[in-house]
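Student: I would like to learn how to read a structure like this one. Could you take me through it step by step?

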2 protein chains.
Amino acid sequence: MTHADLTLETTDDRPYHHGDLSRALVQAGRKILERDGPGALSLRAVAREAGVSPAAPYHHFKDKCDLMAAVASEGWHELSVAVAKARMAATDARHGLSEIGVAYVCFARQNPALYRLMYDSACDSEDMPANAKGEASGWGQVREALISVGIDPEDDHELKLATIASWCAAHGVAEMAGFKEFSALKEAMGGEEAFIRGILDHLGIYARHARPRHDA
Amino acid sequence: MTHADLTLETTDDRPYHHGDLSRALVQAGRKILERDGPGALSLRAVAREAGVSPAAPYHHFKDKCDLMAAVASEGWHELSVAVAKARMAATDARHGLSEIGVAYVCFARQNPALYRLMYDSACDSEDMPANAKGEASGWGQVREALISVGIDPEDDHELKLATIASWCAAHGVAEMAGFKEFSALKEAMGGEEAFIRGILDHLGIYARHARPRHDA
DNA sequence: CACCTATCTGAACGTTGTCAAGATAATCTT
DNA sequence: AAGATTATCTTGACAACGTTCAGATAGGTG
């Protein structure tokens, strides 16, 4: 261990060299995002929270945008974990695809500001962070779920289109589910998750490919 | 007419009282949004573009947020016009619903920064600006299109859910269609509109309710 | 005419992102 | 181990931002 200890709070006997500032800055960013909302997420506020000067972050991130991208990247990782867990927990394949969608939207709803940041950083970057690396990426998981639900793995075009469509649906629901306009309906349906399920069910991603048996 | 003439450019013989500043500010906001992107859209920049001091807008809008809401409101109005036009132009009912979706997404794609602003202002406000007033609201149009496509007008729950689902789908596609990741696929499908149609088609809003005939 | 109110300006304050110069500590070289 | 190098952090500064306030200017009303 080359450094003392990495604390988030501003201790009085804080060493000149923080030790692991980049990580601490990302953590501070998330903390501010949750506690004070997206409007309060400034570079200076993050530095303040981490207990360093406003210029310190520039030795670890080229930009404010770069820092935000790091926060967003952590968010994407957590999302992919949540999605993977939901997929594992599901019993059959059809349920699996459905659960992925619900898990995706629920994560976004539970971390609205973070999800917004994630989308923003995804817009700028060349490739979506969702399929960053490894087979455990969210992208790959939707792909596999679609295959195991009946889509022809050979038909690359169809598979790609279905994956994108699923993602679009999840993103759309994720961003609109928070509108106050729907709060009455949500309650009538027995909570937000039921509402999310209802909407996702209407977007026939599942209905289209996953009704091989009990259909007229 | 109580004032000289309302020009957007900063003329030298500009009168002390602008005449119709609120309108000019909204126009200036849109101009900056299109020309310089969303990052350049500041209160001061808008005032500069309109040829007034940075404090002038505060006599017409309570906030920067309030000004942005006005810009967004104009955007929602134009969107509803575009959607209405697309619905009129469509031949049969099924096509009508599909065309609404395509028109919605195309508008968002052609004015990405404006659409983002519109969504942002929709988040804050109590009710979505889409169904502001009149029967020509985007909300009402989707509703009617869904009815004329086969949904039971009596079943309020189902109708509401279908409307929301359609809107979520359109919003999701609208925001994700711009990802560079898809540019290759878009070209392969023969342009962005074809791509949009393909994705929207996969989100079985239409498939679910509008395939009474040629289905196994 | 005088008065009143709406509108606009000028200057200011606190905050933000960013940079350059200098201080400090960890690491590398010999 | 001592000196040199590099990485890291601070201080101070700059322009731009949102916002406010006192004062200037005009239009409308008596």
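Tutor: Let us begin at the DNA: sorted by class, the surface near DNA strand C has 13 nonpolar, seven polar and three charged residues. A residue is near a strand if its C-beta atom, placed from the backbone, lies within 6 Å of it. Ala, Val, Leu, Ile, Met, Phe, Trp, Tyr, Cys and Pro count as nonpolar, Asp, Glu, Lys and Arg as charged, and the others, Gly among them, as polar. This is a predicted model, where local features need pLDDT of at least 70 and side-chain atom pairs count only at pLDDT 80 or more, while totals for chains, interfaces and linings use all residues. Residues are numbered from 1 along each chain as its sequence is written, with chains lettered from A and ligands numbered from 1 in the order in which they are written.

Student: Which residues come nearest to DNA strand C?

Tutor: They are A:Ser42, A:Ala55, B:His18, B:Ser53 and B:Ala55, out of 23 residues around that strand. Helix 2 (residues 43-50) of chain A gives the largest share of this surface, three residues. Helices (H or I, at least four residues) and strands (E, at least two) are DSSP runs, numbered from the N terminus.

Student: And how many residues surround DNA strand D?

Tutor: There are 22, and the closest are A:His18, A:Ser53, A:Ala55, B:Ser42 and B:Leu43. Here the largest share, three residues, comes from helix 2 (residues 43-50) of chain B. The surface near DNA strand D has twelve nonpolar, seven polar and three charged residues.

Student: What is the make-up of chain A, in helices and strands?

Tutor: Chain A has ten helices and zero strands. Of its 216 residues, 40% count as buried. A residue is buried if 20 or more other C-beta atoms lie within 10 Å of its own, exposed if 12 or fewer, and partly exposed in between, with C-beta atoms placed from the backbone.

Student: How do I check a helix by its length?

Tutor: Its expected span is 1.5 Å times one less than its number of residues. Helix 4 (residues 93-110) of chain B has 18 residues and so should span 26 Å; its end C-alpha atoms are 26 Å apart, which agrees. Its buried residues include B:Gly96, B:Leu97 and B:Ile100. For helix 1 (residues 21-36) of chain B, 16 residues should span 22 Å, and the end C-alpha atoms lie 21 Å apart, which agrees.

Student: What covers the buried residues of helix 1 of chain B?

Tutor: The cover includes helix 2, helix 3 (64-89) and helix 5 (112-124) of chain B. Among the residues they help to cover are B:Leu21, B:Ala24 and B:Leu25, which are buried. After helix 1 of chain B comes B:Gly37, whose phi is positive, near 85 degrees.

Student: Is B:Ala165 buried or exposed?

Tutor: B:Ala165 is buried, because 27 other C-beta atoms lie within 10 Å. Its place is in helix 7 of chain B. B:Ala165 and B:Leu203 are 38 residues apart in sequence, yet 9.6 Å apart in space, C-alpha to C-alpha. Compare B:Lys186 in helix 8 (residues 183-188) of chain B: with 18 other C-beta atoms within 10 Å, B:Lys186 is partly exposed.

Student: How many residues of chain B are in contact with chain A?

Tutor: 29 residues of chain B are in contact with 29 residues of chain A. Two residues are in contact if their C-beta atoms, placed from the backbone, lie within 7 Å. On the side of chain B that touches chain A, the largest share, 13 residues, comes from helix 7 of chain B. By class, that side has 17 nonpolar, five polar and seven charged residues.

Student: How are the two chains related?

Tutor: Two copies of a chain are related by a rotation about an axis and a shift along it. Here a rotation of 180 degrees with 0.0 Å of shift along its axis superposes chain B on chain A (RMSD 0.1 Å). That is the relation of a two-fold axis. Copies are superposed by least squares on the C-alpha atoms of residues with pLDDT of at least 70 in both. In chain B, the C-alpha nearest the axis belongs to B:Gly172, 1.8 Å from it.

Student: Where in chain A is confidence lowest?

Tutor: pLDDT is the predictor's confidence in each residue, from 0 to 100. Chain A averages 85, and 83% of the residues score at least 70. Confidence is lowest in helix 10 (residues 205-209) of chain A, at a mean of 48, and highest in helix 2 of chain A, at 98. Over residues 1-12 of chain A the pLDDT is below 50, and over residues 206-216 of chain A pLDDT stays under 50.
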